[in-house]
Amino acid sequence: MKRNRLSITVLIIVIFLIGSFFVEKKETVKEKMPTVGVLQFVSHPALDQIYKGIQAGLKEKGYEDGKNMTIAFQNGQADQSKLTTMSQQLVQEKKSDVLIGIATPAAQALANTTSEIPIVLGAITDPVSAGLVKNNQKPGGNITGVSDKSPVDAQFDLVTKILPKSKKIGILYASSEENSKYQVEEAKKVAETKGLTVKTFAVPSSNEIAQTVQVMTSEVDVIYIPTDNTIANAMQTVVSEADKTKTPIIPSVDTMVEQGGVATVGINQFDLGVQTGKMAGAILSGEAKPATTPIYTFKTGDIIINQKQADRLGISIPEDIQSKAKIID
């Protein structure tokens, strides 16, 4: 009897040890799954599309969330203190192997948190002026990524073709975004070479947007918006105020055309995200290193026209432009 009890006790211990071995092994396998930390500046259609594209780009490189890697996603909702805290969480708690910053403030928060973990930029117009890299061709540190620099020259060519009588351009942007200040200066130079008069309107926060647009519509013929997250987040307000005087809006992003802009020549935000995800995947697999990977810049953009908005404002789009454009009805 004692022998039987001893045998049963030994058997239980053996089973327990074997079970513990496999549980420990399983947990070790889980721990080995790489983590991609994603920090998004704020929620609006353009940045949301970029995030969806990032997931698709990672999948193209063989990484799928929940299967062989983990995405740790954080959204700062345009709050700088949250961006700082979330960056620290992605580095310290989530132990991310690669970090992705969607929009300049998010990327800067990540860069201020770590100089060791690779960071991939998603939608940063000028990484050099944002203080993120030394050189776009040879970043030289732990950061590389994708620029969302708009084809400004093509955008103002479009303005002169679909709005030939419009000579006064108002540029609306947030003064808090360094990314936008760079674009405004470039846009002014390009617009003036095409015989257009430019007036800039900076808003310190989203609370002043409605009032600023009201002033703009009395002073300009067209409102131009660079890739600005603060303005994009309040696009419905801009459209609502501009529609009262039938003032056309030329944004820089395709999703802002969908929300009520008339037209643009822009980069597809989903495609931008895909390229960002693919670069992150290449770094994750060891194929690439941030220091020697050039910043990716799109060479061309798509013509996007909101036909319903053009009709509402009485704007006739030339047939040669319509034939090449993506029409949003």
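The following exchange goes through the sheets, the pocket, the cavities and an aromatic pair of a predicted model.

Trainee: In what order do the six strands of the open sheet stand?
Mentor: This sheet is parallel in its pairing. Its edges are strand S2 (70-75) and strand S11 (296-297), each with a single partner strand, so one side of each is left without a neighbour in the sheet. Read from one edge to the other, the order is S2-S1-S3-S4-S5-S11.

Trainee: Which residue in S2 stands opposite Val36?
Mentor: Strand S1 (residues 35-40) and S2 run parallel and are joined by six bridges. The residue in S2 opposite Val36 is Ile71.

Trainee: Helices H4 and H11 both lie across strands of this sheet. At about what angle does H11 run to S5?
Mentor: H4 lies across S1, strand S3 (98-102), strand S4 (119-122) and strand S5 (143-147), and runs at about 145° to S3. Helix H11 (residues 269-284) lies across S1, S3, S4, S5 and S11. Its angle to S5 is about 160°.

Trainee: Which strands are the edges of the open sheet of four strands?
Mentor: The four strands are ordered S7-S6-S8-S9, with parallel pairing. The twist from one strand to the next averages 25°. An edge strand here pairs on one side only, and that holds for strand S7 (197-203) and strand S9 (249-251).

Trainee: Within that sheet, which residue stands opposite Val222 in S8?
Mentor: Strand S6 (residues 168-174) pairs with strand S8 (residues 222-225) in the parallel sense, over three bridges. Opposite Val222 stands Ile169.

Trainee: Which strands does helix H9 lie across?
Mentor: H9 covers residues 235-243. It runs at about 155° to S9, one of the strands it lies across. The full set is S6, S8 and S9.

Trainee: Which helix gives the most to the lining of the largest pocket?
Mentor: The pocket has a volume of about 310 Å³. Of the 19 residues that line it, Phe41, Pro105, Ser176, Glu177 and Thr230 are the closest to its centre. Helix H4 (104-113), helix H6 (178-193) and helix H8 (229-233) are the elements that give two or more residues to the lining. The one that gives the most, with five residues, is H4.

Trainee: How many residues in the lining of the largest pocket are polar?
Mentor: The lining has six nonpolar and two charged residues. The remaining class, polar, has eleven.

Trainee: Which element gives the most to the lining of the largest cavity?
Mentor: The structure holds two cavities of 30 Å³ or more, and about 100 Å³ of space lies in the largest. Of the 14 residues that line the largest cavity, Leu47, Asp148, Thr227, Asp228 and Asn229 lie nearest its centre. Helix H2 (45-60) and H8 are the elements that give two or more residues to this lining. With three residues, the most is given by H2.

Trainee: How many residues of the lining of the largest cavity are nonpolar?
Mentor: Five of the lining residues are polar and two are charged. The nonpolar residues number seven.

Trainee: Which residues line the second largest cavity?
Mentor: This cavity holds about 30 Å³ of space. By class, its lining has one nonpolar, two polar and two charged residues. They are Asp126, Ser129, Ala130, Glu178 and Asn179.

Trainee: Are the rings of Phe156 and Tyr224 stacked, edge-to-face or tilted?
Mentor: The structure holds three aromatic pairs, and this is one of them. The ring centres are 4.8 Å apart and the planes stand at 35°. Planes under 30 degrees apart would count as stacked and over 60 as edge-to-face, so the pair is tilted.

Trainee: How far apart in sequence are the parts that the pair of Phe156 and Tyr224 ties together?
Mentor: Phe156 lies in helix H5 (residues 152-162), whereas Tyr224 lies in strand S8. The pair therefore ties together a helix and a strand, and the separation in sequence is 68 residues.

Technical notes:
Residues numbered from 1 in each chain as written. Predicted model: local features only at pLDDT ≥ 70, side-chain atom pairs only at ≥ 80, totals over all residues. Heavy atoms only, no water. Pairing = 2+ DSSP bridges. Axes fitted to C-alpha atoms, helices over the stretch in contact; angles between N-to-C directions. Contact = heavy atoms within 4.5 Å. 1 Å grid on protein atoms, 1.4 Å probe; cavity = no way out; pocket = protein on both sides within 12 Å on 5 of 7 lines; lining within 4 Å. Points joined across faces, edges and corners; volume = space filled by probe spheres on them. Nonpolar A, V, L, I, M, F, W, Y, C, P; charged D, E, K, R; others polar. Phe/Tyr/Trp six-rings, centres within 6.5 Å; stacked < 30°, edge-to-face > 60°.
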